Amino acid sequence: MPPREPDGVARLRRLLAERLGMAFDDNKDGLLAEILQQRATQHGLSDRGYLDRLGTAWTAELSALAEALTVNETYFFRNVEQFRALADVALPARMRAGDGRRRLDLLSVGCSTGEEAYSLAMVLAGRVPQAWETSIIGLDVNRGALRKAMAGRYSLWSLRETPESVRQQWFRPAADGVEIDARLRNRVRFVEHNVARDDPVLFAPGMYDIVFCRNLLMYLTPDTARTVVERITRSLVLGGYLFLGHTDTLGPRPEGLAVHHSHGTFYYERVAVAPRAAEPAPAAGPPPRERALALLRQERFADALEVLDAVAGAEADRPETWLVRGCALAGLGDTGRAADLCRRLLDRDALFADAHQLLADCHEGDEQHDAAQRHHRIAAQLDPGFAIPRLRLGLLARRVGDRRTAEEELDQAVHLLRAESEERIALFGGGFGRGALIALCRAELAAVS
């Protein structure tokens, strides 16, 4: 057997980040070690020899690694609310904007075994007139998944969210399952593509009306994920739509994209980038809001309110000032007034993640756990770097015995807390500092495990 290289896993992790843009934390060391051993042995190489060769243009092996490392569990019409928003909002908007050009171009990035791309084709078949020309492209780095996508054969389990009428129209019985009707299969084209590499043809500016890129970004390094989003944004026409997975949101105001919320889901529209306004000159001395935040850190909630009561003019009407006031009220136990303030903030800006988080905290204080969970999740979706809602979701999941969710959310919270802003820790940390919150997460994880 070829000898093992002591630092082989770390080196493999770096190569996967460089060549495929894939990110793996320390929890995946066992999996990476197993795959390294299997692949090196298969090629009759030592770990070092295998990794040396992997650093070259070894395209076929990169594809094999991607096949071994990527998860392909999906099904037709997964997260059906997004397909409803596609049918009711995105497609009608793009057809109205056609200006006589009766054509729609769609892209499925990270299409896996093809269920998403074929679901798009089914929605288009039911909503777009036959006189229109349509193009649907599915991209993935996993050759095995693409072979299955092109074959169009699936188990009945893949149809678990597919309406019966759609099953009857587009699926035919096959051995051990079903196959896609050839009329639909011919409407979708599948292409092998590594998202860590640009392709000026696939991602030409203004090429697509609608792009689906769901549950992919969370597997990529931050730099690769940012580049992929920039590339997709560039490839959308003005007024085009981007749908991401619920774990892949970009925050409330991503560059070049406007956030929409309907049908119980968030999605994005490509918009022109407005010129940046000049930053106002800083005021002399710490402003009242900063003084109030300092008092919140000391849990002197009444004193913080007193400072804010003295604020007047435009400063008093800023959403950020209202947020500090709401946190002070919640700290005093006045969750009713704090929740009312949150609702007024959300009437102004429904995408204000911090207001959703504070409203969730108010609901928790009032023992309204379902409402609390809903607003925690919205806060996390709006800002994927926001640690506190992940922490609260983990604690709520543990309370009801949902061990898997508790582990996932608390583990995510530990990672995010390291970069959480001091302001958010002061607002939502319940008087705990960063280190204490991380220690709390770890203690809860140990208890769950």
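Which residues is His-246 in contact with, leaving aside its neighbours within four places in sequence? In this predicted model, the partners are Asn-79, Glu-81, Gln-82, Asn-215, Thr-265 and Gln-381. His-246 itself sits in the loop that lies between strand S8 (236-244) and strand S9 (257-262). With a relative accessible area of 25%, His-246 is partly exposed. Another residue to look for here is Arg-214: 32 residues separate Arg-214 and His-246 along the chain, and their C-alpha atoms are 7.7 Å apart.

Following the chain onward from S9 leads to His-263, found in the loop between S9 and strand S10 (265-270). The backbone of His-263 deserves a look, since phi is near 55° there, a positive value in a residue other than glycine. His-263 is partly exposed as well, its relative accessible area being 33%.

The strands offer a good way into the fold. Strands of a sheet pair through backbone hydrogen bonds, and they do so either parallel or antiparallel. Both arrangements can be found here, and the parallel one comes first in this account. Strand S1 (residues 103-109) and S2 run parallel and are joined by seven bridges. One pair to pick out is Asp-105, whose bridge partner in S2 is Ser-135. To get from S1 to S2, the chain passes through helix H6 (residues 115-127), and the resulting β-α-β crossover is right-handed. S2 is also joined to strand S6 (residues 188-192), with five bridges between the two and again a parallel course. Here Ile-137 has Arg-189 in S6 as its bridge partner. How enclosed is strand S2 (residues 133-140) by the rest of the structure? Six of its eight residues are buried, so S2 is largely enclosed.

The antiparallel arrangement appears in an open sheet of three strands, ordered S3-S5-S4. Its edges are formed by strand S3 (153-154) and strand S4 (171-174), each of which pairs on one side only. Between S4 and strand S5 (residues 177-180) there are four bridges, and these two strands run antiparallel. Two of the pairs can be traced by residue: Arg-172 has Glu-179 in S5 as its bridge partner, while Phe-171 is partnered by Ile-180 in S5. S4 and S5 together make a hairpin with two residues between them. In the turn, Asp-176 has a positive phi of about 60°.

Attention now turns to the second largest pocket. It holds about 500 Å³ of space. Its lining is made up of 25 residues, and those nearest the centre are Asp-361, Leu-427, Phe-428, Gly-429 and Gly-430. By class, the lining comprises 15 nonpolar, six polar and four charged residues. Several helices take part: helix H13 (319-331), helix H15 (353-365), helix H17 (387-399), helix H19 (422-428) and helix H20 (434-448) each provide at least two lining residues. Which helix gives the largest share of this lining? That helix is H15, with five residues.

Leu-427, one of the residues nearest the centre of this pocket, belongs to helix H19. Is Leu-427 buried or exposed? Its relative accessible area is 9%, and Leu-427 is buried, the cut-off for that class being under 20%. Not counting residues up to four places away in sequence, Leu-427 touches Leu-293, Leu-296, Leu-323, Val-324 and Cys-327. Pro-163, by comparison, is 264 residues from Leu-427 along the chain, with 45 Å between their C-alpha atoms.

Helix H15 also contains Glu-364. This residue is buried, with a relative accessible area of 10%. Beyond its neighbours within four places in sequence, Glu-364 is in contact with His-369, Ala-372, His-376, Arg-392, Leu-396 and Arg-399. A little further along comes Glu-367, in the loop between H15 and helix H16 (369-382). Whereas Glu-364 is buried, Glu-367 is exposed, with a relative accessible area of 57%. Glu-367 also has a positive phi of about 65°, although it is not a glycine.

Conventions:
Residues numbered from 1 in each chain as written. Predicted model: local features only at pLDDT ≥ 70, side-chain atom pairs only at ≥ 80, totals over all residues. Heavy atoms only, no water. 1 Å grid on protein atoms, 1.4 Å probe; cavity = no way out; pocket = protein on both sides within 12 Å on 5 of 7 lines; lining within 4 Å. Points joined across faces, edges and corners; volume = space filled by probe spheres on them. Nonpolar A, V, L, I, M, F, W, Y, C, P; charged D, E, K, R; others polar. Buried < 20%, exposed > 50% of the residue type's maximum accessible area, 1.4 Å probe, protein only. Pairing = 2+ DSSP bridges. Right-handed = clockwise from strand over helix to strand, strands pointing away. Contact = heavy atoms within 4.5 Å.
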